[in-house]
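Reader: Before we discuss any details, could you put the model in front of us and take my questions one by one?

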Amino acid sequence: MNDAVLETCDPPAGVEFETFSALRRGMKFLLANPFANHIPARIVRWLLRVTRSQLAAANWEDPGGWQSMVISYNADCTQIADKVLVSAGTMPTALRNRKRLAARLIADMVDASAAAAPDHSAHALCLGAGPGQIIGEALTLTDAPAHATLVDISSDAFDYGRKLAAERGLTDRMTFIQADVRDLDDFLDDPPHIVKMLGICEYLLDEEIVTIASAVAELMPDHGAIIFNSISKAHGTDRFFRRVFGLHMHHRTPEELCGLMARAGIGEFRVHAEPLGVYHVVVGRKAAHGGA
Ligand SMILES: C[S@@+](CC[C@H](N)C(=O)[O-])C[C@H]1O[C@@H](n2cnc3c(N)ncnc32)[C@H](O)[C@@H]1O
């Protein structure tokens, strides 16, 4: 049963979203998506191999992993197949929207935290952080004191992450820990004011989400924030991703995901849609004394 209470919010001002014209949306719905979903997968895979698609290679090596995120975020591809997939594809575009939206929301939370306690540095715990592009962007959007702990199972995400942190002047404010987010108790002693679970719930089972959210809720102060995202099938190419990239995501509504978080003692959900309707970015709060 899902009794989580959600408040739908407008996106914060100043976030630059990418959108598609009505004509382009119509063409995708009527032509591009059915074509991508139903053309034999072995032909598409062959085409992507001969055109040396880096996005496809990244997904074949680690479906939905951090490298495919970086390719989608940076959108500076050299291969023609990637130029098409990354700049015109709904999913990579929605990913860039999600990153900008989430970075702004986190920066606003850091500002609010500094306003409430000017002497302390807000601590953001980023689970399945990849190289930390979202938290890195967030920390550059605010002058308020904050630091981050980035946890990822993949150590090579951190080689790139450290380089990015250095470029942004954030080296001293970002700590990288290679670990499985399911083993939170083993590595965390600095209580987080903000927990970030972006780009990870869609790869986790319901019970894994509840277990991880319960573990972080134990560590957070009352009213601490947790930011996470749901994903819908509005991208229109789930069959393509499954057959061609081997990408199996758990699509959940914001209500379903908040229902899981509520089981971990999280409430006061504020839901922000990115304009393509693929992702909803949600901020929840740890209920005082653990009750939602
Ligand atoms: C889709 S990427 C998202 C990266 C980043 N959060 C973002 O949204 O840009 C998912 C990340 O979660 C990491 N990951 C997956 N399962 C994990 C686990 N059990 N423990 C820690 N990291 C995990 C992967 O290595 C990958 O870097």
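Author: We can begin with the overall dimensions, bearing in mind that this is a predicted model.

Reader: What radius of gyration does the protein chain have, and what would a compact globule have?

Author: The C-alpha trace spans about 55 × 45 × 35 Å along its principal axes, and buried residues make up 43% of the 292 residues in the chain. For a compact globule with 292 residues one would expect a radius of gyration near 19 Å, and the protein chain agrees with this, because its own value is 19 Å.

Reader: Which residues come nearest to the ligand?

Author: The shell around the ligand is made up, by class, of eleven nonpolar, seven polar and three charged residues, and at least two shell residues are supplied by each of α4 (66-74), α7 (133-140) and β3 (146-152). Of the 21 residues around the ligand, those that come nearest are Trp-66, Gly-128, Gly-130, Ile-153 and Gly-199.

Reader: How are α4 and α6 oriented to each other?

Author: Two packed helices are described by the angle between their axes and the distance between the axes. The axes of α4 and helix α6 (residues 90-116) come within 8 Å and cross at roughly 85 degrees. Since angles of 65 to 115 degrees count as roughly perpendicular, α4 and α6 are therefore roughly perpendicular to each other.

Reader: Which residues in α6 are met by residues in α4?

Author: The residues of this contact divide into four nonpolar, one polar and two charged. On the α4 side the contact involves Met-69, Ser-72 and Tyr-73, and these meet, in α6, Pro-92, Leu-95, Arg-96 and Lys-99.

Terms used
Residues numbered from 1 in each chain as written. Predicted model: local features only at pLDDT ≥ 70, side-chain atom pairs only at ≥ 80, totals over all residues. Near = placed C-beta within 6 Å. Helix = DSSP H or I, 4+ residues; strand = E, 2+ residues; numbered from the N terminus. Nonpolar A, V, L, I, M, F, W, Y, C, P; charged D, E, K, R; others polar. Axes fitted to C-alpha atoms, helices over the stretch in contact; angles between N-to-C directions. Parallel < 35°, antiparallel > 145°, perpendicular 65-115°, else oblique. Contact = placed C-beta atoms within 7 Å. Rg over C-alpha atoms; globule rule 2.2 N^0.38 Å. Buried ≥ 20, exposed ≤ 12 C-beta atoms within 10 Å, placed from the backbone.
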